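Where does a ligand sit in a predicted protein model, and what surrounds it there? The report below takes up the internal space, an open pocket and some backbone details.

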Amino acid sequence: MAEYGEDDFLLLSGIQHFSFCPRQWALIHIEGLWSENFFTASGRVLHAKAHDGDAVEKRGDTVVARSLKIFSNNLGISGECDVVEFHKSADGVPLRNYEGLWLPYPVEYKRGKSKLDDCDRLQLCAQAVCLEEMLCCQISKGALFYGEPRRRETVEFSLELRDKVKDITESMHKLFSQKFTPKAKTDKRCAGCSLIDECVPRLFKNVRADVKKYLEDNIE
Ligand code: SF4
């Protein structure tokens, strides 16, 4: 497995963008474009609430850490966890200032409802992989907390999910090193995309249609 240096780290949060649409990821992370819409603004408010409070606190048999900085040399990513709960467990790791062993359990706050695609689950799994690498432990599950309705969804970090995270981060590094932005592939995702104005997917559609017509006319 490739080992990346700190200078090569990409943002962990980009995994969610990349799995939604590789072009969207490239527009944000390679070309530096960002556009706020209702979805991104409400997501930001929900995250701010998750980060509100003491950085570390103990609640019964759980130590709660907020805004924990994380990284993985194997994946070449770095970022921040909204919340990591450390549950008292014989399979856990020692924590400074707390007696016993504690197993990390990442919790990520998300706007809206649980999604059919895996983009949120992939981001959470990447957080678990970072924590495993940093703390030398094995994390089998974590949770996504959705704003509508306000509830937690447990996510199992299966081999399949871990492989997808690895494939995505490899693709991100490849595109980033080539500074390559993939072409738009228009579909129903575009309606909810915060970069629809910058991406102008309709333009791509028209260009393709125009080129096709030009070729057909000239061949005839
Ligand atoms: S508008 Fe569509 S093709 Fe363009 S970045 Fe967004 S999702 Fe991707």
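The text that follows covers confidence, the ligand site, a pocket and two backbone features.

This is a predicted model, in which local features need pLDDT of at least 70 and side-chain atom pairs count only at pLDDT 80 or more, while totals for chains, interfaces and linings use all residues. Residues are numbered from 1 along each chain as its sequence is written, and side-chain values use heavy atoms, with hydrogens and water left out.

**Confidence.** The protein averages a pLDDT (the predictor's confidence in each residue, from 0 to 100) of 87, and 81% of the residues score at least 70. Confidence is highest in helix H5 (residues 159–178), at a mean of 98, and lowest in helix H7 (residues 201–219), at 57; helices here are DSSP runs (H or I, at least four residues), as are strands (E, at least two), numbered from the N terminus.

**The ligand site.** Searching the whole structure yields 2 cavities of 30 Å³ or more. On a 1 Å grid over the protein atoms alone, a cavity is a set of points where a 1.4 Å probe fits but cannot get out, a pocket is an open set with protein on both sides within 12 Å along at least five of seven lines, and lining residues have an atom within 4 Å of a point. Grid points are joined across faces, edges and corners, and a volume is the space filled by probe spheres set on the points.

The space taken by the ligand is the largest cavity, where a molecule counts as sitting in a cavity or pocket if more than half of its atoms lie within 2 Å of its grid points. Among the 14 residues lining this cavity, Cys21, Gln24, Cys190, Cys193 and Cys199 lie nearest its centre. Helix H2 (22–29) and helix H6 (196–199) each give two or more residues to that lining, and H2 gives the most, with 3 residues. Because domain 1 (6–182) and domain 2 (184–220) both contribute to the lining, the largest cavity lies between them; the domain bounds come from an automatic or database domain assignment.

The residues around the ligand, with a heavy atom within 4 Å of it, include Phe20, Lys185, Ile196 and Pro201. Each of the two domains supplies at least three residues to this shell.

**An open pocket.** The second largest pocket has Val56, Phe86, Arg96 and Tyr98 among its lining residues, and strand S3 (62–72), strand S4 (77–95) and helix H4 (119–135) each give two or more residues to it.

In the table, Ala, Val, Leu, Ile, Met, Phe, Trp, Tyr, Cys and Pro count as nonpolar, Asp, Glu, Lys and Arg as charged, and the others, Gly among them, as polar.

| Space | Volume | Lining residues by class |
|---|---|---|
| Largest cavity | about 120 Å³ | 10 nonpolar, 1 polar, 3 charged |
| Second largest pocket | about 210 Å³ | 10 nonpolar, 1 polar, 1 charged |

**Backbone details.** Most residues other than glycine have a negative phi, and most peptide bonds are trans. Serine 67, in strand S3, has a positive phi of about 55°, and a cis peptide bond with omega of about -15° joins glutamate 148 and proline 149.
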